[in-house]
Amino acid sequence: MANRHTIILMQTSQNRATRTFMDYDSISQAMDGICGLYERKLKELNPAVRNITYDIADLYNFIDGLADMCALVYDHSVKAYLPYDRQWIKQRTFQQLKKLAH
């Protein structure tokens, strides 16, 4: 699963102008990027709090609260990007956080 270029497509609100993308060299880097995005949002909402903690349910609520989010992951065997939905992203972020915790 390493070295699979991953593009995260997201839309933060119903306004189409909020559509954006982030690209990463691997799935794990993409999942770290999503967690980082959430952590920056938490810091923005809580500027006076030095150490912000959250659990997986909070991260899932953030992902579900976006108007849209999906991933395109490059598959070398078919030489194309395969689409993955929000549920897949939630599963992969959980796996990534679990890996980082050990």
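A nonpolar core is a set of buried Ala, Val, Leu, Ile, Met, Phe, Trp, Tyr and Cys residues joined through side-chain atoms within 4.5 Å. With that in hand, we can walk through this structure, which is a predicted model.

## The nonpolar core

The largest nonpolar core has 21 residues. Ile-8, Met-31, Met-69 and Ile-89 are the members with the most contacts inside it. Several elements feed this core: strand S1 (6–11), strand S2 (19–24), H1, H2, strand S3 (68–75) and helix H3 (86–101) each supply at least two of its residues. H1 gives the largest share, with eight residues.

Ile-89 makes a good place to look more closely. Where does Ile-89 lie? Ile-89 is found in helix H3. Its relative accessibility is 0%, so Ile-89 counts as buried. Leaving aside residues up to four places away in sequence, Ile-89 touches Met-31, Ile-34, Ile-63, Met-69, Cys-70 and Ala-71. For one of these partners, Cys-70, there is also a backbone distance: the C-alpha atoms of Ile-89 and Cys-70 are separated by 7.2 Å, although the two residues are 19 residues apart along the chain.

## How the helices pack

Next, let us see how H1 sits against the other two helices. The table puts the two packings side by side.

| Helix pair | Angle | Distance between axes |
|---|---|---|
| H1 and H2 | about 90° | 11 Å |
| H1 and H3 | about 95° | 9 Å |

Angles of 65 to 115 degrees count as roughly perpendicular. The angle of about 90° therefore makes H1 roughly perpendicular to H2. H1 and H3 are likewise roughly perpendicular to each other.

Which residues meet where H1 packs on H2? From H1 come Ile-34, Cys-35, Leu-37, Tyr-38 and Lys-41, and from H2 come Asp-58, Leu-59, Phe-62 and Ile-63.

The contact between H1 and H3 has its own list. On the H1 side are Ile-27, Ser-28, Met-31, Asp-32, Ile-34 and Cys-35. They meet Trp-88, Ile-89, Arg-92, Thr-93, Gln-96, Leu-97, Lys-99 and Leu-100 in H3. Ile-34 and Cys-35 of H1 are named in the contact with H2 and also in the contact with H3.

## Aromatic rings

A pair of aromatic rings is described by the distance of the centres and the angle of the planes. How many aromatic pairs does the structure hold? There are four aromatic pairs. In one of them, the rings of Tyr-38 and Tyr-54 have their centres 5.0 Å apart and their planes at 90°, so this pair is edge-to-face. Tyr-38 belongs to helix H1 (residues 27–45), while Tyr-54 sits in the loop between H1 and helix H2 (56–65), so the pair ties together parts that are 16 residues apart in sequence. Is Tyr-38 buried or exposed? Tyr-38 is buried, at a relative accessible area of 9%. Its partner Tyr-54 counts as partly exposed, at 23% relative accessibility.

A second pair joins Tyr-74 and Tyr-81. Their ring centres are 5.2 Å apart and their planes stand at 65°, so this pair is edge-to-face. Tyr-81 is partly exposed, at 35% relative accessibility. Ring pairs also link Tyr-38, Tyr-54 and Phe-62 into a cluster.

## A lysine over a tyrosine

Tyr-60 is found in helix H2. With a relative accessible area of 22%, this tyrosine is partly exposed. Lys-90 lies over the face of Tyr-60, at 5.2 Å from the ring centre. Along the chain the two are 30 residues apart, while their C-alpha atoms are separated by 6.4 Å. Not counting residues up to four places away in sequence, Tyr-60 touches Lys-90, Thr-93 and Phe-94.

## Two more residues to find

Lys-79 has its place in the loop between S3 and strand S4 (80–84). Its phi is near 50°, a positive value in a residue other than glycine. At 67% relative accessibility, Lys-79 counts as exposed.

Gln-29 lies in helix H1 and is partly exposed, at 39% relative accessibility. The C-alpha atoms of Gln-29 and His-5 are separated by 9.4 Å, with the two residues 24 residues apart along the chain.

Conventions: Residues are numbered from 1 along each chain as its sequence is written. This is a predicted model: local features need pLDDT of at least 70, side-chain atom pairs count only at pLDDT 80 or more; totals for chains, interfaces and linings use all residues. Side-chain values use heavy atoms; hydrogens and water are left out. Rings of Phe, Tyr and Trp (its six-membered ring) pair if their centres lie within 6.5 Å; planes under 30 degrees apart count as stacked, over 60 as edge-to-face and the rest as tilted. Helices (H or I, at least four residues) and strands (E, at least two) are DSSP runs, numbered from the N terminus. Buried means under 20% relative accessible area, exposed over 50%, partly exposed in between (1.4 Å probe, protein chains only). A charge sits over a ring if NZ of Lys or CZ of Arg is within 6 Å of the ring centre and within 35 degrees of the ring normal. Contact means heavy atoms within 4.5 Å. Axes are lines fitted to C-alpha atoms, for helices over the stretch in contact, and angles run from 0 to 180 degrees between N-to-C directions. Angles under 35 degrees count as roughly parallel, over 145 as roughly antiparallel, 65 to 115 as roughly perpendicular and the rest as oblique.
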